[in-house]
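Subject: Structure for you to look at

Hi,

Here is the structure I promised to pass on. Have a look at it first, and then read on for what turned up.

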Amino acid sequence: MEKPNYIFVGVDPQNDFIDGSLAVAEAEQIIEPVNSIADEIRKHDGTVVFTRDWHPEKTPHFDKWPVHCVANTRGAEFHKDLNIQPDDIIINKGTGQTDGYSGWEGRSDKGETLESIIEPKTPHEKVKVFLGGLATDFCVKSTARDIAEHFKDDRRVTTYLLIDAIRAVGLTPTAEEEALSAMKEAGILAISTEEAKKMIQETI
């Protein structure tokens, strides 16, 4: 049986969302589980992708939010403890005049997109996509739902949300719960990073 293709998408683990202008409570706690699942996936010849907000200095997005993750500033850099390897793919989003919540809209410097990375390469290839990052109720939700929506009729692709590797902005008391419900309704399966690692190890 063909081995599944494992992909991890780490959404926006950037300074401005951790200790900067748009800091999310407890955001630093995602770094350890994110590093852990990324390491496991690399060990099994999978693909590790990180998305990042890479905004211009002026964008309508900043009418809604404090200025954050302006390209080539400290705030846009990945957190210092994030383990990024040379073969990992970096997807830039929000580079124009759009909000850029979803990593689906972004692309790497080489033109790679989440669609081109996740799309099964053979008729029988199974692809398992794991997501973590910031923030649950905005960019994680948007990215996860776009992946699930695109592949909803393709049973080869399964999307998992790593529940211990996400944190929410929580603009309202129910925002996080609503985001989790929306992802569940989209067919995304919520598991822990330890459950994900065990799954990867057992299918080898």
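Where in H4 is the kink centred, and about how many degrees is it? The centre is Ser-142, and the bend there is about 25 degrees. Keep in mind that this is a predicted model.

Even with that kink in H4, the length of the helix comes out as it should. H4 covers residues 136-150, and its 15 residues should span 21 Å at 1.5 Å a residue; the end C-alpha atoms are 20 Å apart, so the two agree. Ser-142 itself is among the buried residues of H4, along with Thr-136, Asp-137, Cys-139, Val-140, Thr-143, Ala-144, Ile-147 and Ala-148. What do these buried residues pack against? The partners are strands E1 (5-11), E3 (89-93), E4 (127-134) and E5 (157-167), plus helices H3 (114-118) and H5 (175-185).

Now the whole chain. You'll find six helices and six strands, in the order β-α-α-β-β-α-β-α-β-α-β-α along the sequence. A compact globule of 204 residues would have a radius of gyration near 17 Å, and the chain has 16 Å, so that agrees too. The C-alpha trace spans about 50 × 40 × 30 Å along its principal axes, and 53% of the residues are buried. Of the contacts with a separation of 6 or more, 78% are between residues 24 or more positions apart. The accessible surface is about 10,000 Å², with 48% of it belonging to carbon and sulfur atoms.

On to the inside. The largest nonpolar core has 31 residues, and Phe-8, Ile-41, Phe-130 and Leu-162 have the most contacts within it. Elements giving two or more residues to this core include E1, E4, E5 and helix H6 (193-202). Its largest share, five residues, comes from H2. Phe-8 is a good place to start clicking: among the residues it touches are Val-34, Ile-37, Ile-41, Phe-50, Phe-130 and Leu-162. There is also a second, separate core of 25 residues, which includes Val-49, Leu-114, Ile-117 and Ala-179.

One last residue: is Ser-108 buried or exposed? Ser-108 sits in the loop between E3 and H3, yet its relative accessible area is 7%, which is under the 20% cut-off, so it counts as buried. Leaving aside residues up to four places away in sequence, Ser-108 touches Ile-89, Ile-90 and Ile-91.

Cheers

Technical notes:
Residues numbered from 1 in each chain as written. Predicted model: local features only at pLDDT ≥ 70, side-chain atom pairs only at ≥ 80, totals over all residues. Heavy atoms only, no water. Helix = DSSP H or I, 4+ residues; strand = E, 2+ residues; numbered from the N terminus. Expected span 1.5 Å × (residues − 1). Bend = angle between axes of the 7 residues up to and from the residue. Buried < 20%, exposed > 50% of the residue type's maximum accessible area, 1.4 Å probe, protein only. Contact = heavy atoms within 4.5 Å. Rg over C-alpha atoms; globule rule 2.2 N^0.38 Å. Areas by Shrake-Rupley, 256 points an atom, 1.4 Å probe, with all protein chains shown as cover. Core = buried A, V, L, I, M, F, W, Y, C linked by side-chain atoms within 4.5 Å.
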